[in-house]
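Biologist: Could you take me on a close look at one part of this protein? I am new to reading structures, so please go step by step.

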Amino acid sequence: MEIYNPKEWIKPVLYWHKADTMRKLFPYLIIAAVFSWGIAFFELEYLKISEKSWVKNITVVHSLLGFALSLLLVFRTNTAYDRWWEARKQWGALVNSCRILAYKLNAMLPQDDKSSRVFFRKSIPMYTRALIGHLRSDYTTYMLDDLDHPEIEPDKHRPNQIAGLMFKTIHKLYREGKISSEEYRLVDQELNTLTNVCGACERIKNTPIPKSYISFLKKFIVIYVASLPSGFVFSIGYFVAVAVPFVFYVLASLEIIAESIEDPFGLDQDDLPIEKISGNIKKHVEELIPLQ
């Protein structure tokens, strides 16, 4: 994730970063330009259709469908951003939960119990790193897939394993009388929060936007743009070879941006800086649970 100035205009307009949609759409824009020019040449030079032809009125359909398409794209981008923001809130809750768990354990654990202190100094940050690997693995991606995937080696749920190990250690301390029942309950709440965050992130990761909706939207955009030259050639002539690719660029860019941010746990420029967040958690936990 790149920190930038949202109030700046010149750099975002002139600078093509790796996630820029122009890079991804450039081959399709060339195809759209060639296709539009071919339609214009076919209608104007070969068929010699006059401006009085009914074909000119196709633009009325585009005006009607343009409103529906805009609503679909707004819903698409809003839904994708909601997923991104929900993931950020979950990782914010994870940061707070790790901090709370660390300073509670620091107050509860005896100063001379260095083995327990070392264990939690390592296990709490380890949980966040395991969660990162879990969210970026194919294991998480295909958790809800109807098909079998024998090519993916079965693996244990690593965040659950670490959380279970921490709970066993807390339970052992309780049985040994090093922490009270009330302290046991307080720590148990924070461990539950870790699992809740993991479950919420898994929900975002392995529950994509319904396939029928995505398929319909892509078909809608392609058919809408492909039919534009037929009617607009009578009003702007061969300029459709420029206008139509521009329209396609705007519409397809919104879809690509939504695709980019709806999975916020990857390595793209627009994804959440979860590795940086995990590193900060490690730093904070080590500060809150000193060894001496």
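Modeller: Happy to! Let's begin with D113, which counts as buried because its relative accessible area is 7%, below the 20% cut-off for that word. Keep in mind that this is a predicted model. D113 sits in the loop between α3 (58-108) and α4 (114-135). Its side chain makes a polar contact with the side chain of S115, at 3.1 Å. Looking beyond neighbours within four places in sequence, D113 is also in contact with L173 and K178.

From that loop, let's step back into helix α3, where we find H62. H62 is buried too, with 4% relative accessibility. Leaving out residues up to four places away in sequence, H62 touches Y224, S227, L228 and F232. F232 leads us to the surface: together with I236, F239 and V242, F232 makes a nonpolar patch of about 350 Å².

Helix α3 also takes part in salt bridges. Side chains of opposite charge can pair when their charged atoms come close. Within α3, K89 and E86 form such a pair, at 3.7 Å from N to O. They are 3 residues apart, so about one helical turn separates them. K89 is partly exposed, at 45% relative accessibility.

Another pair reaches further along the chain: E262 and R76 form a salt bridge, with their closest N and O atoms 3.0 Å apart. Since R76 is in helix α3 and E262 in the loop between α10 and α11 (274-288), this pair ties together parts that are 186 residues apart in sequence. Both E262 and R76 are buried.

Definitions and conventions:
Residues numbered from 1 in each chain as written. Predicted model: local features only at pLDDT ≥ 70, side-chain atom pairs only at ≥ 80, totals over all residues. Heavy atoms only, no water. Helix = DSSP H or I, 4+ residues; strand = E, 2+ residues; numbered from the N terminus. Buried < 20%, exposed > 50% of the residue type's maximum accessible area, 1.4 Å probe, protein only. Polar contact = N/O pair within 3.5 Å; in protein donor to acceptor, adjacent residues only side chain to side chain. Contact = heavy atoms within 4.5 Å. Patch = residues over 30% accessible without salt bridge, like charges linked within 9 Å, V, L, I, M, F, W, Y side chains within 5 Å. Areas by Shrake-Rupley, 256 points an atom, 1.4 Å probe, with all protein chains shown as cover. Salt bridge = Lys/Arg side-chain N within 4 Å of Asp/Glu carboxyl O.
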